[in-house]
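Visitor: Could you take me through one part of this model up close? I'd like to hear about a pair of helices first, and then whatever surrounds them.

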Amino acid sequence: MITYWQQHKGLFTKTKKDEIDETKPLWIDARSVTRDECNDLQSEYEIEQDHILDILDPDELSRLEDGEGYILTIVRVPVYEPNAETQYSTVPIGIIIKGQVIITICWTDSEVLKDFGSNRIRNIRLSDFPSFIVQILNRANLNFLRYLKEINRRSTSIQNEMKMEIENQEIMQLLGLEKSLVYFTTSLKSNALLLEKMRTTRLIKFDEEDIDFVEGVKIDNRQAIEMADTYSNILFGVMDAFSSVTSNNLNIVMKKLAIINLVMMAPTFITSFFGMNYRLPFEHLPGYIPVIIATLLCILSVFLSYWMLNWDKYSKANHKHSRKMTYKQKKNLRKETRKLKRQEAKLKNK
């Protein structure tokens, strides 16, 4: 969808194509564009096809490039898709400056561009295109920081649930968050290189005020990179810890099964041996005495298995103590999880 915006009294207002004021700067907002819309923009504003394809490439990195009669800037911004496998990811936004027209192209919807269209950002001058581009980068950094906090809260909530019981669904959710952090780190570093190039390039002319603004955006970008790296390292450590816990639990179960197998091996051997046309012992005894003896042997095997599984005299007391501690921890973890989920819901509703 292509929307035309012009600024009146400092606010963006939608304008029909046949009502555009040629004397004022124009912002063409192309989001969730179709192939026909891309072809119309390409032919009307003489944009190179390779640049259109680069903008529509989901894996395209941030860069600044000079075209034939226009300047192309590609910026990566964060997006949140609740129904996607990886809910938090990044997409490229192409920004084309040609004369008094600035065109933003994105193959999907973007909250950054929504904020501009909803006039949520102050002190925007559409007549100053370099400042407009830096404003997009600044808004992207703020959204990166907000999404990183949401990822951290979501990760903590999942970890609390996994402390009570580890399920495959929760592991997959952590893997999705881990993938999101990798996407964020890559995109933020790509934007950092773009900011450095914008500060030194001659393609876009910045005044002193814009240069100070670029420095502030670089600081926010560096902070977001450090946060993403920190959360990513924490999540890697958590995944390794839960992997070790799962392996340890599996080893304990296998140890118990091995003990049971060893104890039951003797009765199995005896019954197999005397089942091959051998005369059974105790068959000459009258009544149910052979059955009673066999029953006593089975009971003895059960007690022997139980004793071997609980040979440590302190294991039972330690187990009871751990159950009491686990109950208190579960209660506190449930409270913390509910609190984190409420905070996450409030952030999403803003």
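Guide: What follows starts with one helix pair and then moves out to a few strands, loops and cysteines. Keep in mind that this is a predicted model.

Let's start with H4, which runs over residues 129-164, and H5, which covers residues 168-200. Their axes come within 10 Å of each other and cross at roughly 160 degrees. An angle over 145 degrees counts as roughly antiparallel, so that is the label for H4 relative to H5. As for handedness, the crossing of H4 and H5 is left-handed. What does the contact of H4 with H5 consist of, by class? There are 18 nonpolar residues in it, along with six polar and three charged ones.

Stay with H4 for a moment, because its length can be checked with simple arithmetic: 36 residues at 1.5 Å a residue should span 52 Å. The C-alpha atoms at its two ends sit 53 Å apart, which agrees with that expectation. How many of the 36 residues of H4 are buried? The count is 26, so H4 is largely enclosed by the rest of the structure.

Now step back along the chain to the loop that joins helix H3 (111-117) to H4, where you'll find Asn119. Its phi is near 60 degrees, a positive value, and Asn119 is not a glycine. Asn119 is partly exposed, because its relative accessibility of 31% falls between the 20% and 50% cut-offs. There's another residue like this in the loop between strand S3 (26-31) and helix H1 (35-45), namely Ser32. The phi of Ser32 is near 50 degrees, again positive in a residue other than glycine. With 38% relative accessibility, Ser32 also counts as partly exposed.

Next come some strands, and with them some pairs of residues that are separated in sequence. Ile2 belongs to strand S1, which spans residues 2-8. Its C-alpha is 9.0 Å from that of Ile105, with the two positions 103 residues apart in numbering. Ile2 is partly exposed at 24% relative accessibility. Leu11 is part of strand S2 (residues 11-14). Its partner to look at is Arg122, 111 residues away in sequence, with a C-alpha to C-alpha distance of 9.0 Å. Leu11 comes out as partly exposed, at 46%.

Then there's Arg63, in strand S4 (residues 63-66). Here the sequence separation is 10 residues, to Thr73, and the C-alpha atoms of Arg63 and Thr73 are 5.8 Å apart. Is Arg63 buried or exposed? Its relative accessible area is 19%, and the buried class takes anything under 20%, so Arg63 counts as buried.

Last, the cysteines. Cys38 is buried, at 5% relative accessibility. Cys106 is buried too, with a relative accessible area of 0%. How many disulfides does a search of the whole structure find? It finds zero. For a pair to have counted, two cysteine sulfur atoms would have to lie within 2.5 Å.

Key: Residues are numbered from 1 along each chain as its sequence is written. This is a predicted model: local features need pLDDT of at least 70, side-chain atom pairs count only at pLDDT 80 or more; totals for chains, interfaces and linings use all residues. Side-chain values use heavy atoms; hydrogens and water are left out. Buried means under 20% relative accessible area, exposed over 50%, partly exposed in between (1.4 Å probe, protein chains only). Axes are lines fitted to C-alpha atoms, for helices over the stretch in contact, and angles run from 0 to 180 degrees between N-to-C directions. Helices (H or I, at least four residues) and strands (E, at least two) are DSSP runs, numbered from the N terminus. Angles under 35 degrees count as roughly parallel, over 145 as roughly antiparallel, 65 to 115 as roughly perpendicular and the rest as oblique. A crossing is left-handed if the near helix is turned anticlockwise from the far one by less than a right angle, and right-handed if clockwise. Ala, Val, Leu, Ile, Met, Phe, Trp, Tyr, Cys and Pro count as nonpolar, Asp, Glu, Lys and Arg as charged, and the others, Gly among them, as polar. The expected span of a helix is 1.5 Å times one less than its number of residues.
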